[in-house]
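Hi everyone, thanks for making time for this one. I'd like to walk you through a single protein chain, so let me put it up on the screen.

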Amino acid sequence: MPIKGLAKSDTHRFFANALAYYELHPLLEEYAREAMVEFEWYEDTEDEKSVMPSSYTVFGLGLSSERYFPLVEAYMDLVDDEHQLMHDKFTAVFADTYGITERSTPTLTFCLLRSHDSLKLKIQPELETEDKLSLFVQHIETLSDGEAERVLYPIWGKAEKLAAMARKAQEPRKDLLLRLLKATGIACRRFVESCIISMLLRDKATKRQSNDLCLIESRGRTCTYVLRAAHPEGKINYRLVGFWALH
């Protein structure tokens, strides 16, 4: 199976051989749907290579045809992501195989919602195109704040990196990146704060002081910021920076 890191077990070899016969795929799907049970594992693997029953079949079928995307989604809905890592290996190959399309993006999102911080996807070049990025943004905007942040992390890492890209981007890409940030409340607030800091650094008077940006109040999505300025002679004062509504 073209997924690096999976256990070289008898169970893996058995299903890899079975998947070579296209006529068996419908039967293998039936097996997978019956076999996948949360908190159960194949007995010939252990530790970080342990996988839920049906894993090899789901991985193989999912990479063979879009027809099996619903099967992949059902699997990701059950997988114990606190004790299993191998589905990240599948997710990386899935992204490389199908990229960002109308059909693949919802399934890729299911996979990323079960991913770990160690997963890194190499799809940023594909998201350089406006149509692909727009399609991706539309799917991210259907998620909760926490879900959106979890899906974005394997692609861009911490929100600060995405915020930096948004600041430098030109329209219409800038607007699309901002919409990604707005999909997560935390990421959006970080973007606002990074913009404030960038603005303050252009102020010559501010540069001569030691400054801390302080969030003094947050109600819903409205944030109030002050600048805590420490002067060389030891004096400390506060300056109201402003209010930002995060929509």
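Let's begin with one helix, H3. Its buried residues are Ser-55, Tyr-56, Thr-57, Val-58, Phe-59, Gly-60, Leu-61, Gly-62 and Leu-63. That is 9 of the 10 residues in H3, so the helix is mostly covered, taking buried as under 20% relative accessible area. Before I go on, please keep in mind that this is a predicted model.

What covers the buried residues of H3? The cover includes H1, H2, H4, which spans 69-78, and H5.

For context, the chain has 12 helices and 3 strands. Of its 247 residues, 45% are buried. If you take the contacts between residues at least 6 apart in sequence, 58% of them join residues at least 24 apart.

Now let's look at a residue from H1, namely Leu-19. Is Leu-19 buried or exposed? Its relative accessibility is 14%, so Leu-19 counts as buried. Leaving aside neighbours within four places in sequence, Leu-19 is in contact with Met-1, His-25, Leu-28, Tyr-56, Thr-57, Gly-60 and Leu-61. Of those partners, Tyr-56, Thr-57, Gly-60 and Leu-61 are among the buried residues of H3. Leu-19 and Leu-61 are 42 residues apart in sequence, yet their C-alpha atoms are 7.5 Å apart in space.

Just ahead of H1, in the segment before that helix, sits Ser-9. With 5% relative accessibility, Ser-9 counts as buried. Its side chain reaches the backbone nitrogen of His-12 at 3.1 Å. Again setting aside neighbours within four places in sequence, Ser-9 is in contact with Asp-44, Thr-45 and Tyr-56. So here is Tyr-56 once more, in contact with Ser-9 as well as with Leu-19.

That brings me to the aromatic rings. How many aromatic pairs does the structure hold? There are 11. Let me show you two of them.

In one, Tyr-42 and Tyr-56 are stacked, with 5.6 Å from centre to centre and 5 degrees between the planes. Tyr-42 is in the loop between H2 (25-35) and H3 (55-64), while Tyr-56 is in H3 itself, so this pair ties together parts that are 14 residues apart in sequence. Tyr-42 and Tyr-56 are both buried.

In the other, Phe-59 and Phe-90 are also stacked, at 4.9 Å centre to centre and with 10 degrees between the planes. This pair links distant parts of the chain, with Phe-59 in H3 and Phe-90 in H5 (residues 86-98), 31 residues apart. Both of these phenylalanines, Phe-59 and Phe-90, are buried. They also belong to one aromatic cluster, formed by Phe-59, Phe-69, Tyr-75, Phe-90, Phe-94 and Tyr-98.

Last stop, the largest pocket. How much space lies in the largest pocket? About 220 Å³. The residues that line it are Gly-5, Glu-48, Lys-49, Leu-85, Met-86, Asp-88, Lys-89, Ala-92, Ser-118, Leu-119 and Lys-120. Sorted by class, the lining has 4 nonpolar, 2 polar and 5 charged residues.

So, to wrap up, the picture I'd like you to take away is H3 with 9 of its 10 residues buried, its Tyr-56 stacked with Tyr-42 and its Phe-59 stacked with Phe-90. Thanks for listening!

How values were computed:
Residues numbered from 1 in each chain as written. Predicted model: local features only at pLDDT ≥ 70, side-chain atom pairs only at ≥ 80, totals over all residues. Heavy atoms only, no water. Phe/Tyr/Trp six-rings, centres within 6.5 Å; stacked < 30°, edge-to-face > 60°. Helix = DSSP H or I, 4+ residues; strand = E, 2+ residues; numbered from the N terminus. Buried < 20%, exposed > 50% of the residue type's maximum accessible area, 1.4 Å probe, protein only. 1 Å grid on protein atoms, 1.4 Å probe; cavity = no way out; pocket = protein on both sides within 12 Å on 5 of 7 lines; lining within 4 Å. Points joined across faces, edges and corners; volume = space filled by probe spheres on them. Nonpolar A, V, L, I, M, F, W, Y, C, P; charged D, E, K, R; others polar. Polar contact = N/O pair within 3.5 Å; in protein donor to acceptor, adjacent residues only side chain to side chain. Contact = heavy atoms within 4.5 Å.
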